[in-house]
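Open the model in your viewer and keep the selection tool at hand. We will go from one stop to the next, and at each one you will hear what to select and what to look for.

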Amino acid sequence: MALIFIFNIVKKEFFIRQLLGLCALLTVLTTFSIIVILLVEAISFFDKVPMSQFLTDTKWSPLFTNKHFGILPLFMGTMLITGVAIMIALPLGLSIAVYLSEYAPSGFKKRIKPLLELLAAVPTVVYGFFALTVITPFLQKIFPGMSGFNALSAGIVMGIMIIPFISSLSEDALSSVSNSLREAAYGMGSTRFQTAFKVTVPTASSAIIASVILAISRALGETMIVTIAAGMQPRMTLNPLVPVETITAYIVQVSSGDVPYGSIEYQTIFAAGIALFVFTFLLNNLSWWIKKRFMVKI
Amino acid sequence: MVSSTFAMEINLMKRIPDSLETQKPQQKIALSVYDVTAWYGDFAALHNISMSIKENQITSLIGPSGCGKSTFLRLFNRMNDFISDFRVSGTVKLNGKNIYSKAVDVVQLRKDVGMVFQKPNPFPKSIFENVAYGLRIQGINNKSVLEEKVEQALKQADLWNDVKDILKRSALALSGGQQQRVCIARCLAVEPKVILMDEPTSALDPISTARIEVLLNELKDRYTIVIVTHNMQQAARISQQTAFFYIGDLIEFSDTEKLFTNPEEERTQNYVTGRFG
Ligand SMILES: Nc1ncnc2c1ncn2[C@@H]1O[C@H](COP(=O)(O)OP(=O)(O)OP(=O)(O)O)[C@@H](O)[C@H]1O
Ligand SMILES: [Mg+2]
């Protein structure tokens, strides 16, 4: 009896293990095939356009008769908007995290955190129109020359969207800092502010940095807001008041147009896609590396 | 430093140890507690406690678990203030000043009254930065001043020889006993008047414990030390006076030798001989 029972458990275990393994395999396969497709199309793109031109040309105009294939303007547009977004989200997100974990009463924290997380749940198309119809007209009062489509409003709204990535994850990290360290800090005669910024934040720093990098990855890949509000004009500029285009917005532009399958215009999507992929991949590795490095230090 | 009115107040207290041979002649009172009752919500964790703690000696607090030793110890640096429903009545004085009066700057108080905790809790920073922490938050950032004070504190904490070549290494890489001595050094670096210790050796092995006991014996010449301990041999070995608490009451407070060998109260007798608790 007992033997059969044990045998059944062993068989069941085996089955479950196989099933879970299969699920894992499926995700790996999906990722892998995405990379393969990206690579295949990108390789045939780079057959026609040399990599050096792709990386150094300062113009991007594959859809015009005078074709240029420099990714830099798209890269710059992406960085500009992400930069604005981080400049909004980092100070706000971190202040919120510190406030919630070090100052706010726990009841308040429990109620406010899910509300904050709602910010990330708003559909991005709503954010896009919010940027276009609310933020831009408002900013135009401050900067009269600002165009209707611009990097600034898209960046600001994207910043608002990614606040919860930073605030929520950083707050988790801060809250998980042992109370014995807070006691030590207060016991030494630290003020609340000193305790927060000299002890708790540094202790949680690797997780905080990881949250910021996650937020950056999210901003880099964000598509809808920039497509709607930023203008779709590839431009090599750091001026946030004029229209720009990001890598993602370009991909949308081409995908939703009617470029012939297999043409060079079509293949630019994959070239742009792989550029974005490599970039986010590097960023994720950076976050992993920072985590590891800080972990060793602590 | 003891004002005349203050001296009168001491006379009112319940248990004032008679002048005994072991006592230094003109020993001052560092901390005095008068009629203190402390509550967590409706629960009174300490009842009408009065006692005075002398300067430059070690005072032990003993008693069974939950009798209020930590609550009592944490009165002196107002660490209980962080507990939202905590209340206290009566007076607690440090060098004659009521530390619960409205005018008191709690942050400053905690610089005068340092604390070492049960579990070693160094910051996840280098050994140097741990010891320099208290100086840095006072705005001292001059490198040579910091180096001098850190070295001095580490020497006082009997740790300098262990760590003088690895000051930049994380304090968390040290052994438990060394970590606890980092915490002691961190506390000494700001030159507090009083050091509170809540079971500082209960998480340590016997050798580290012995080293810290030797250390405490040296430190008492410069600091007033109040220590909570579950280890009665430890209390007997290191302290000059001992207070026995039982369910929120101060049962007996006298010279350590007397308390352990010839206590007035039966409950003390039972506890120190291991009959309960
Ligand atoms: N934060 C708190 N809220 C409510 N009650 C508390 C709190 N902290 C302690 N108490 C209660 O106060 C009493 C005294 O606690 P305290 O921690 O001072 O005891 P202790 O003598 O230090 O015990 P131990 O030897 O176990 O450390 C206990 O009954 C405890 O349950
Ligand atoms: Mg205790």
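Start by selecting B:S32, which stands opposite B:K93 in β4(B). This is a predicted model, in which local features need pLDDT of at least 70 and side-chain atom pairs count only at pLDDT 80 or more, while totals for chains, interfaces and linings use all residues. To find your way, note that residues are numbered from 1 along each chain as its sequence is written, that chains are lettered from A and ligands numbered from 1 in the order in which they are written, and that side-chain values use heavy atoms, with hydrogens and water left out.

**Stop 1: the sheet in chain B**

Now select β1(B) and strand β4 (residues 86–94) of chain B, which run antiparallel and are joined by 8 bridges. Strands here are DSSP runs (E, at least two residues), helices are runs of H or I with at least four residues, and both are numbered from the N terminus. Two strands pair if DSSP finds at least two bridges between them.

Add β2(B) to the selection: 8 bridges also join this strand to β1 (residues 29–40) of chain B, again in the antiparallel sense. One pair to look up is B:L31 with its bridge partner B:I53 in β2(B).

Next, go to β5(B), which pairs with β4(B) in the antiparallel sense over 2 bridges. Here B:L94 has B:K97 as its bridge partner. β4(B) and β5(B) form a hairpin with 2 residues between them, and B:N95 in the turn has a positive phi of about 50°.

In what order do the 4 strands of the open sheet in chain B stand? The order is β2-β1-β4-β5, with antiparallel pairing. At the edges are β2 (43–54) and β5 (97–98) of chain B; each has a single partner strand, so one side of each is left without a neighbour in the sheet.

**Stop 2: where chain B meets chain A**

Show both chains and select the residues in contact (heavy atoms within 4.5 Å). You should have 22 residues of chain B and 18 residues of chain A. The area buried between the two chains is about 1,700 Å², with 64% of it from carbon and sulfur atoms. Buried area is the accessible area (1.4 Å probe) that two parts lose on being put together, summed over both. On the chain B side, B:P124, B:Y133 and B:I137 lose the most area to chain A, together 28% of what that side buries.

Which side chains meet in a salt bridge of 2.8 Å, N to O? Select A:E183 and B:R74 to see them. The rule (a side-chain nitrogen of Lys or Arg within 4 Å of a carboxyl oxygen of Asp or Glu) finds 1 salt bridge across this interface. In chain B, α3 (106–112), β6 (113–116), α4 (127–137) and α7 (176–188) each supply at least two residues of the side that touches chain A.

**Stop 3: the helices of chain A**

Hide chain B and colour chain A by secondary structure: there are 12 helices and 0 strands. Its C-alpha trace spans about 70 × 65 × 35 Å along the principal axes.

Select A:K113 and A:D172, whose side chains meet in a salt bridge (2.5 Å, N to O). A:K113 lies in helix α4 (residues 106–121) of chain A and A:D172 in helix α6 (residues 151–175) of chain A, so the pair ties together parts that are 59 residues apart in sequence.

Stay in helix α4 of chain A and pick A:K109. Not counting residues up to four places away in sequence, A:K109 touches A:L100, A:E171 and A:S175. The side chains of A:K109 and A:S175 are joined by a polar contact of 3.2 Å. A polar contact is a pair of N or O atoms within 3.5 Å; within protein, one must be able to donate a hydrogen and the other to accept it, and residues adjacent in sequence count only if both atoms are side-chain atoms.

**Last stop: two domains in chain A**

Colour domain 1 (2–48) and domain 2 (72–293) of chain A separately; these bounds come from an automatic or database domain assignment. Their C-alpha centres lie 32 Å apart. Between them, domain 1 and domain 2 of chain A bury about 920 Å², 78% of it on carbon and sulfur atoms. Finish by selecting A:L38, A:E41 and A:F45, which supply 59% of the area that domain 1 of chain A buries against domain 2 of chain A, more than any other three residues.
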